[in-house]
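Biologist: I should like to learn how the features of a protein model are read. May we go through one together, beginning with its sheet?

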Amino acid sequence: MTRTRTVLALLVLGALTFGTGSPTWVTTTVATALEPEVAVAASGTSAAPGVGAGALVLLAAGIACALTGRVARYVALVVAAAAGVLVVTSTLVVVGDPVPAATAAASASSGVTDLTSPVTLTAWPWAAVATGVLAVVVAVWGAVAARGWTATSGRHERADAAAAGAGATSGPAAAPGGAPTTSSDDGATAGPDDEIDPHDAWDALSRGDDPTGR
């Protein structure tokens with residue numbers, strides 16, 4: 001698996017995990033003093049907070065894999081695998097016993113904790129389990145293939161270093177056309193066909209020198 005595919009897979013799985021945690025996971029009913037039956041619903045992120053946290057971590061891990069170097073990318077992939085495990089574990093806790101999540105939702109919405117109907121699970125928790133498992137698979141697969149990934153911007157850095165080395169070893173040799181260069185009294189070099197600055201020419205004449213350098 002290439003770096004680009006791994007990054008895209010982690011970003012997509014992070015978004016999908018958010019998508020599976022947003023809808024209703026748990027439904028039930030309660031009775032209040034005003035109404036004998038009040039519907040109660042709990043979303044995935046409220047029933048299993050680890051799902052939302054895992055989704056954020058997957059998105060961050062995908063970005064880190066795209067921007068970091070060799071060591072940091074392995075750390076990001078390990079974190080992505082841990083996020084997938086967190087999503088699966090948090091979801092299975094709700095699937096195994098949805099009553100606490102339903103009771104918390106009933107208390108938050110109506111102030112009543114006595115449920116009057118069985119708690120029902122929707123299909124969204126199983127979708128969250130699937131995204132968590134896929135995140136672990138992608139992270140492990142990416143870690144195996146990461147040793148073949150090229151370093152970020154490494155080719156450009158090597159090219160810049162080679163150009164700098166070539167510039168350091170080369171210097172001004174001869175003037176165009178093979179003509180030798182001459183040095184003026186102030187240390188500047190000039191070719192025989194270069195234009196003579198009037199100010200420099202006047203200074204040279206004042207000293208009794210030939211301004212043309214001949």
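Modeller: Certainly. This model is predicted. Strands of a sheet pair through backbone hydrogen bonds, in either a parallel or an antiparallel manner. Here, three strands make an open sheet, ordered S2-S1-S3, with antiparallel pairing. S2 and S3 are the edge strands, since each of them pairs on one side only.

Biologist: How many bridges join S1 to S2?

Modeller: Six bridges join these two antiparallel strands. As a point of reference, Val30 stands opposite Val38 in S2.

Biologist: How does the sheet fit into the chain as a whole?

Modeller: One reads the order of elements along the sequence. The protein chain contains eight helices and five strands, and their pattern is α-β-β-α-α-α-α-β-α-α-β-β-α. Of the contacts with a separation of 6 or more, 70% are between residues 24 or more positions apart.

Biologist: Which residues have the most contacts inside the largest nonpolar core?

Modeller: The general idea is that, in soluble globular proteins, nonpolar side chains tend to be buried together. In this model the largest nonpolar core has 17 residues, and those with the most contacts inside it are Trp25, Val26, Val30 and Val94. At least two residues of this core come from each of strand S1 (24–30), strand S2 (38–43), helix H4 (70–96) and helix H5 (99–110). The largest share, four residues, is supplied by H5. There is also a second, separate core of 16 residues, which includes Leu10, Leu13, Leu58 and Ala81.

Biologist: How should a single helix be read, for instance H6?

Modeller: One may compare its span with the expected one, then examine its buried residues. Helix H6 (residues 124–145) has 22 residues and reaches 31 Å from its first C-alpha to its last, close to the 32 Å expected at 1.5 Å a residue.

Biologist: Which residues of H6 are buried, and what covers them?

Modeller: A residue counts as buried when its relative accessible area is under 20%. In H6 the buried residues are Pro125, Ala128, Val129, Thr131, Gly132, Ala135, Val138, Ala139 and Gly142. Their cover includes helix H1 (3–21), S1, helix H3 (49–67), H4 and strand S3 (120–121).

Biologist: What share of the protein chain is buried, and what is its accessible surface?

Modeller: Of the 214 residues in the protein chain, 30% are buried. The accessible surface comes to about 12500 Å², and carbon and sulfur atoms account for 65% of that area.

How values were computed. Residues are numbered from 1 along each chain as its sequence is written. This is a predicted model: local features need pLDDT of at least 70, side-chain atom pairs count only at pLDDT 80 or more; totals for chains, interfaces and linings use all residues. Side-chain values use heavy atoms; hydrogens and water are left out. Buried means under 20% relative accessible area, exposed over 50%, partly exposed in between (1.4 Å probe, protein chains only). Contact means heavy atoms within 4.5 Å. Accessible areas come from the Shrake-Rupley method with a 1.4 Å probe; for residues, only the protein chains shown count as cover. A nonpolar core is a set of buried Ala, Val, Leu, Ile, Met, Phe, Trp, Tyr and Cys residues joined through side-chain atoms within 4.5 Å. The expected span of a helix is 1.5 Å times one less than its number of residues. Two strands pair if DSSP finds at least two bridges between them.
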